[in-house]
Every structure is written in structure tokens, then in C-alpha cells.
Amino acid sequence: LLSRELNALQMGDDVARSLGSRLEWQRGWLLLSAVALAGSAVATAGSIAFVGLMAPHIARQLVGPSHEGLLPTAALTGGMVVIVADLMGRLLFAPIELPCGIITAVIGAPYFLYLLIRDRK
């Protein structure tokens with residue numbers, strides 16, 4: 001719902017103000033909604049730590065910097081990561097099932113190292 005405002009905020013505070021954005025209100029609303037969404041996701045699904053961090057970065061590589069397609073793409077990407085991690089946890093060590101959180105951490109840690117190394121250059 002606030003994708004245009006997010007695009008304006010991405011350009012910087014001065015540009016967003018010149019476009020008529022109310023920065024304090026938007027930042028407060030975005031912070032409140034992010035905390036509420038993250039809290040409800042953790043309460044519902046448990047602590048699958050890296051999915052919420054990985055999915056937006058993967059989605060941004062897929063759709064670019066615009067926020068219009070980022071949220072649905074990040075949601076679908078996060079769902080796919082969880083499904084793949086669950087399948088890997090069930091099938092890699094067949095008689096034993098590994099928790100999905102362990103697999104996402106094993107996938108997520110190298111991915112974030114890659115992002116750190118890429119952004120440093």
C-alpha cells in the first residue's frame with residue numbers, strides 16, 4: 001500500500017520531502033507494521049531465522065529496486081526457501097529429520113557472506 005512512498009524514501013529525505021512525503025509518519029507506520037508482521041510470523045511459524053532476511057535480498061535481485069513487485073516476490077521466495085529447506089531436511093539424512101531452521105541457517109549463512117563480500121568490492 002505504501003510502495004510509492006517507499007520509492008520516494010529510497011531516494012533520500014530531501015527528495016521525499018519535496019515530493020510531499022510525511023517522513024516521520026511514514027517511518028513510524030513502516031516500523032510498526034514491520035514489527036507486527038515479524039512478530040506474528042515468528043509466533044505462527046517459529047524462529048526460522050534466515051528466511052525473513054534472505055527472501056527480500058533474493059527478491060530484490062529478481063525484480064530490481066522498485067517496491068511494487070518486491071513484497072509479493074519476497075513472500076513467494078520465502079515460501080520456496082522454506083519448502084526447499086524442509087524437503088532437504090527430510091531427505092538428506094533419510095531416517096533422521098533435520099529441523100527446517102537448521103537447513104535455512106546452513107543456506108542463509110553462506111548467502112549473507114556472499115552479500116557482504118559482494119558489497120565490499
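This is a short tour of a predicted model, going from the whole chain to one helix and then to the aromatic rings.

**Whole chain**

Start with everything shown as a cartoon. The protein has six helices and zero strands, in the order α-α-α-α-α-α along the sequence. Turn the C-alpha trace to view its principal axes: the spans are about 60 × 35 × 20 Å. The radius of gyration is 17 Å, where a compact globule of 121 residues would have one near 14 Å. Colour by accessibility, and buried residues account for 25% of the 121 residues. Of the contacts between residues at least 6 apart in sequence, 47% join residues at least 24 apart.

**Helix H5**

Next select residues 70-91, which form helix H5. Its 22 residues should span 32 Å at 1.5 Å a residue, and the end C-alpha atoms lie 31 Å apart, which agrees.

Show the side chains of Leu 70, Thr 73, Ala 74, Thr 77, Gly 78, Val 81, Ala 85 and Gly 89; these residues of H5 are buried. Now look down the axis of H5: the buried residues fall within an arc of 135°, so they line one face of the helix. An α-helix has 3.6 residues a turn, so residues three or four places apart point the same way.

What covers this buried set? Add residues 51-63 and 100-120 to the view: helix H4 and helix H6 are among the elements that cover the buried residues of H5. Then turn to the other side of H5, where Ala 75, Leu 76 and Leu 91 are exposed.

**Aromatic rings in helix H3**

The structure holds three aromatic pairs. For one of them, select Trp 25 and Trp 29: the ring centres are 6.5 Å apart and the planes are at 5°, so the pair is stacked. Both residues belong to helix H3 (residues 23-45) and sit four residues apart, about one turn of the helix. Trp 25 is partly exposed, at 45% relative accessibility, and Trp 29 is also partly exposed, at 44%.

Keep Trp 25 in view and add Arg 22. Arg 22 lies over the face of Trp 25, at 4.7 Å from the ring centre.

**Aromatic cluster**

Finish with Tyr 111 and Phe 112. Are these two residues buried or exposed? Both are buried. Their rings make an edge-to-face pair, 6.0 Å centre to centre with 65° between the planes. Add Tyr 114 to the selection: ring pairs link Tyr 111, Phe 112 and Tyr 114 into a cluster.

Technical notes. Residues numbered from 1 in each chain as written. Predicted model: local features only at pLDDT ≥ 70, side-chain atom pairs only at ≥ 80, totals over all residues. Heavy atoms only, no water. Phe/Tyr/Trp six-rings, centres within 6.5 Å; stacked < 30°, edge-to-face > 60°. Helix = DSSP H or I, 4+ residues; strand = E, 2+ residues; numbered from the N terminus. Buried < 20%, exposed > 50% of the residue type's maximum accessible area, 1.4 Å probe, protein only. Lys NZ or Arg CZ within 6 Å of the ring centre and 35° of its normal. Expected span 1.5 Å × (residues − 1). Arc of directions from axis to C-beta. Contact = heavy atoms within 4.5 Å. Rg over C-alpha atoms; globule rule 2.2 N^0.38 Å.
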